[in-house]
Amino acid sequence: MSEPGAHGAGVVVVGGSLAGLRAAEQLRAAGHDGPLRVVGEEPHLPYNRPPLSKEVLGDPGDSDLERLHGLVAFRRRASVADVDFVLGARVEGSDLEARKLRLADGTHLGYDGLVVATGLRPRRLDLPGPSLGRYVIRTLDDVITLRLRLAGATDPRVVVVGGGFIGTETACTLLKLGCDVTVVEPFGAPMERVLGADLALAVQRHLTAQGVRFLTGVGVSGFTGEAHVAGVTLSDGRELPADLVVEAVGSVCNTEWLEGNPGLDLTDGVLCDDRLRVVGASRTVAVGDIARFPNVLVDDVPRRVEHWSIPTDTAKRAAPTLVALLRGEEPDTTPFVPVPSFWSDQLDLRFQSFGSPGLADEVELAEGDLDRLADGVLALYHRTVAGERRHVGTVAVNLPPKRQRELRAAFLQPDLSKGTR
Amino acid sequence: MQITVDMKRCQDHGQCAIAAPDVFRINDEGRLEYEPTADESLRDEVEEAADVCPVQAIALLDG
Ligand SMILES: Cc1cc2nc3c(=O)[nH]c(=O)nc-3n(C[C@H](O)[C@H](O)[C@H](O)COP(=O)(O)OP(=O)(O)OC[C@H]3O[C@@H](n4cnc5c(N)ncnc54)[C@H](O)[C@@H]3O)c2cc1C
Ligand code: SF4
């Protein structure tokens, strides 16, 4: 049973977004020349998500699906021309021992090697009140639904629940579209978990001055209205009128199809080792938002990282791992230390982050003035690990792109002997 | 290998300049400049640059 290529069924990648596409490309680059199939629930070829809350939501043209998909579709490398993309197909269940997947239409699919790339879906608020008029932004179809709703409204009042990156960014785009926008965030200032309190408050002041309203330290307890949302009830009893609501309250990992397989740890995504091998499964790797893996850049705690750079980085590591496993060889053991990086566009601000600012216990304002964010600010994030203060993250606001190389370089080739492994 | 960047789409993120500094650079005005043709030996770098461009503005043509 364990000889490589036992069924000749090749590799199946479950999930057809950025991580699934990069995994397919990297499997070819790593020498897998057998059958390769990507099974994805969405009916579209892989496309880029970050523009959804920015350019795609804000696009002045019509809401034609083909046109909008064309704006964000990933180019397809020649090396994946023979990869079989099975679209609109949801994997419902799996038996990793028997190396078999069960699809929603009842058919089964065998494999020699498996790539888990099923990412996340938005968490929904489970609160009393109507469900019509409540939107999320994760997929192209989500944005088109929201665009069509906006097209039929004049100066709609929108409440965005959740002041994380996606919520705040969406609020800014909606403001530009002429909506009246209020962000409700129970925790604190927008993006505070990542940026730290001082910078987050400065961002809040900056965006408020341009018209985005923030209600912080208060939650949402329900929605008013009959069939369609007419307002939002806050946890302090206040009511906000709303023509529509955007929920941006975090994500849920798409791991249900893996449940029931003994030995997996699905507590938060899929637990992997630092070669992206899924713990408790053979010939299986995970990539992208769903993979929980250790990164000695900070410490040895496995974490998921929901950044655009991670699908590509993890695919480059996971593909050679899987190819080695299929050949019965030991995968590469050099430490895997990707530098997480993300960006975000909010009105006249561009954020660029390197490393893991959200893990810091101390924030240092290295350049600029918090009252003049648009002129450029640099914040350095430190964390004390085992008595040693380490630089774990950097956030630049409106710094020239020329500086990125130097900012990112601070995280390259860390002294691994000081690592905790 | 020929390289084109859709300058209407490019937002001067500069990620390409990190991945393939021989081909892409951000000038003093903060705008992207690039070499429209590059030697085959740079293919890996340029593919990487195209992959990491957040707005997927970079296209590669063979030949
Ligand atoms: C609106 C928005 C804005 C963003 N902006 C930024 C940004 O500015 N900067 C940044 O760094 N990051 C940003 N991100 C995050 C970035 O887009 C993600 O990190 C990235 O999309 C992760 O890719 P993935 O392939 O791992 O997962 P996903 O993109 O979640 O893809 C998973 C795919 O798997 C499919 N799937 C799920 N379950 C199954 C199943 N059982 N069977 C078959 N298929 C299945 C899904 O349909 C989906 O297509 C943003 C995300 C969103 C939603
Ligand atoms: S990475 Fe893309 S957006 Fe950024 S400068 Fe290069 S081509 Fe332009």
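Over which residues of chain A does pLDDT stay under 50, with 15 contacts in the model beyond four places in sequence? That's residues 1-6 of chain A, where pLDDT is the predictor's confidence in each residue, from 0 to 100, and contact means heavy atoms within 4.5 Å. We're looking at a predicted model, in which local features need pLDDT of at least 70, side-chain atom pairs count only at pLDDT 80 or more, and totals for chains, interfaces and linings use all residues. Residues are numbered from 1 along each chain as its sequence is written, chains are lettered from A and ligands numbered from 1 in the order in which they are written, and side-chain values use heavy atoms, with hydrogens and water left out.

**Confidence**
- Chain A has an average pLDDT of 93, and 96% of the residues score at least 70.
- Residues 416-421 of chain A also stay under 50, and the model has 10 contacts for them beyond four places in sequence.
- Where pLDDT is low, don't read the predicted coordinates in detail.

**Strand 7 and its partners** (strands are DSSP E runs of at least two residues, helices H or I runs of at least four, numbered from the N terminus)
- Strand 7 (residues 113-116) of chain A points Gly113(A) and Val115(A) one way and Leu114(A) and Val116(A) the other, and all are buried (under 20% relative accessible area, with exposed over 50% and partly exposed in between; 1.4 Å probe, protein chains only).
- Strand 1 (residues 11-14) of chain A runs parallel to strand 7, joined by four bridges; Val13(A) has Val115(A) as its bridge partner.
- Strand 19 (residues 284-286) of chain A is also parallel to strand 7, with three bridges, and here Val116(A) sits opposite Ala286(A).

**His307(A)**
- You'll find His307(A) in the loop between strand 20 (291-292) and helix 8 (309-326) of chain A.
- His307(A) counts as buried because its relative accessibility is 17%.
- Leaving out residues up to four places away in sequence, His307(A) touches Asp289(A), Pro340(A), Ser341(A) and Phe342(A).

**Second largest pocket** (an open set of points on a 1 Å grid over the protein atoms alone, where a 1.4 Å probe fits, with protein on both sides within 12 Å along at least five of seven lines; lining residues have an atom within 4 Å of a point)
- The second largest pocket is lined by 22 residues, with Asp313(A), Val339(A), Arg408(A), Glu48(B) and Val52(B) nearest its centre.
- Elements giving two or more residues to this lining are helix 8 and strand 21 (341-346) of chain A, plus helix 1 (15-19) and helix 2 (43-52) of chain B.
- Helix 8 of chain A gives the most, with four residues.

Methods:
Pairing = 2+ DSSP bridges.
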